[in-house]
Amino acid sequence: MRADAPVLSLRGATKRFGGLVAVNEIDFDVAEHEVMGLIGPNGSGKSTTLNLISGALKPTSGTISLRGTPIGHLSAQEIARRGISRTFQLVRLLPSMTVLDNVRAGAVFGHRRRWGAEADAHAMKMLELVGLARRAHAHVGQLTYIDTKRVELARTLASDPKVLLLDEWLAGLNPTELTEGIALIRRLREEGRTIILVEHVMDAIRSLCDRCVVMSSGTKIAEGTPTEVLSDPEVIRAYLGD
Ligand code: ADP
Ligand code: MG
């Protein structure tokens with residue numbers, strides 16, 4: 001395989017829910033170390049696209065490939081094991097468990113499996129990365145909202161994902177938290193991680209993304225650098241019509 005082959009490719013990816021085409025013939029590639037923004041108005045099909053990539057939903061048609069190997073038919077668990085890991089728009093954690101236990105679950109079930117002391121050490125390292133090591137033994141139910149988001153990110157990172165899918169990870173943060181959140185994603189970017197960032201926060205898109213794909217009503221309407229797509233009249237129309 002060529003060194004510059006994309007890590008992830010979608011070709012004609014389509015998802016129908018009955019009569020609704022939520023994702024309509026979407027094509028895009030994500031290169032290694034790239035941060036790709038997947039943007040568009042509410043209901044445009046961004047989360048559904050992430051669900052297709054992570055295997056939570058099966059495509060109605062089209063191909064999704066990880067390093068050239070089709071994965072569209074695999075279970076979510078198998079896809080996670082192959083290195084695609086995501087956060088959810090609504091945080092999903094086990095509230096009665098400690099922060100460390102939640103993150104350790106990512107280390108145990110992910111792409112690179114770790115057990116026992118190695119899983120603990122790795123989970124702590126991920127908590128340090130997201131700035132939450134001091135809360136390792138707190139119960140998730142006691143945390144502030146941004147800290148639950150940090151736990152979810154740490155849990156996702158604990159599996160050493162080859163492709164990290166972030167679904168509106170910055171949503172609901174106050175301005176101070178937002179600055180911290182953007183800095184944290186920038187750190188992941190600087191580590192060379194491959195990320196698909198579904199995001200509404202334009203500052204984050206401008207400062208973090210190498211490239212953006214813009215969706216509207218299930219269809220890709222633009223692709224390019226953040227500056228290019230955010231000045232595209234069709235993109236502006238799609239957002240104003242939201
Ligand atoms: P976005 O994340 O861009 O806001 P979604 O991917 O969540 O958009 O939704 C795209 C469209 O698909 C919306 O019209 C939504 O109502 C619909 N949709 C999403 N998930 C389902 C589902 N499980 N069943 C039926 N319709 C769905
Ligand atoms: Mg969504």
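**Figure 1. Helix α1 and the residue that follows it.** Immediately after α1, G55 adopts a positive phi of about 85 degrees. The view is taken from a predicted model, in which the mean pLDDT of the chain is 91 and 95% of the residues reach 70 or more. For the complex, the predictor gives an ipTM of 0.99 and a pTM of 0.92. Nine of the nine residues of α1 are buried, so the helix is largely enclosed by the rest of the structure. The buried residues are K46, S47, T48, T49, L50, N51, L52, I53 and S54. Helix α1 lies across β1, β2 and β4, and runs at about 65 degrees to β2.

**Figure 2. The surroundings of ligand 1.** The shell around ligand 1 consists of F17, L20, A22, G40, N42, G43, S44, G45, K46, S47 and T48. Two elements, β2 (20-30) and α1 (46-54), each give two or more residues to this shell. The largest share, three residues, comes from α1. By residue class, the shell around ligand 1 divides into three nonpolar, seven polar and one charged.

**Figure 3. The four-stranded antiparallel sheet.** Four strands form an open sheet in the order β2-β1-β4-β5, with antiparallel pairing. Strands β2 and β5 (69-70) are at the edges, and each pairs on one side only. Within the sheet, β1 (residues 8-17) and β4 (residues 61-66) are joined by five bridges in the antiparallel sense. In this pairing, S9 of β1 stands opposite S65 in β4. Helix α1 lies across three strands of the sheet, namely β1, β2 and β4.

**Figure 4. The loop between β4 and β5.** R67 is found in the loop that links β4 and β5. The phi of R67 is positive, about 45 degrees, although the residue is not a glycine. R67 has 16 C-beta neighbours inside 10 Å and therefore counts as partly exposed.

**Figure 5. The six-stranded mixed sheet.** A second view of strand pairing shows an open sheet of six strands, ordered β6-β7-β8-β3-β9-β10, with mixed pairing. Strands β6 (84-86) and β10 (219-224) stand at the edges with a single partner strand each, so one side of each has no neighbour in the sheet. From one strand to the next, the twist averages 20 degrees. Helix α9 (residues 233-240) lies across β9 (211-216) and β10, and runs at about 130 degrees to β10.

**Figure 6. Strand β8 and its two partners.** Strand β8 (residues 195-198) runs parallel to β3 (residues 35-39), and four bridges join the two strands. V35 stands opposite I195 in β8, and L38 has V198 of β8 as its bridge partner. Strand β7 (residues 163-167) also pairs with β8 in the parallel sense, over four bridges. In this second pairing, the bridge partner of L164 in β8 is I195. I195 is thus a point of reference for both pairings, standing opposite V35 and bridging to L164. In a regular strand, side chains alternate between the two faces of the sheet. In β8, I195 and L197 point one way while I196 and V198 point the other way, and all are buried.

**Figure 7. The loop between β7 and α6.** E168 lies in the loop between β7 and α6 (175-190). The phi of E168 is near 50 degrees, a positive value in a residue other than glycine. Because E168 has 17 C-beta neighbours inside 10 Å, the residue counts as partly exposed.

**Figure 8. V201 and its contacts.** V201 is found in the loop between β8 and α7 (202-208). Residues up to four places away in sequence aside, V201 touches L170 and L178. There are 19 other C-beta atoms within 10 Å of V201, and the residue is therefore partly exposed; a buried residue would have 20 or more. V201 and S75 are 126 residues apart in sequence and 31 Å apart in space, C-alpha to C-alpha.

Definitions and conventions
Residues are numbered from 1 along each chain as its sequence is written. Chains are lettered from A and ligands numbered from 1 in the order in which they are written. This is a predicted model: local features need pLDDT of at least 70, side-chain atom pairs count only at pLDDT 80 or more; totals for chains, interfaces and linings use all residues. A residue is near a molecule or strand if its C-beta atom, placed from the backbone, lies within 6 Å of it. Ala, Val, Leu, Ile, Met, Phe, Trp, Tyr, Cys and Pro count as nonpolar, Asp, Glu, Lys and Arg as charged, and the others, Gly among them, as polar. Two strands pair if DSSP finds at least two bridges between them. Axes are lines fitted to C-alpha atoms, for helices over the stretch in contact, and angles run from 0 to 180 degrees between N-to-C directions. Two residues are in contact if their C-beta atoms, placed from the backbone, lie within 7 Å. pLDDT is the predictor's confidence in each residue, from 0 to 100. A residue is buried if 20 or more other C-beta atoms lie within 10 Å of its own, exposed if 12 or fewer, and partly exposed in between; C-beta atoms are placed from the backbone.
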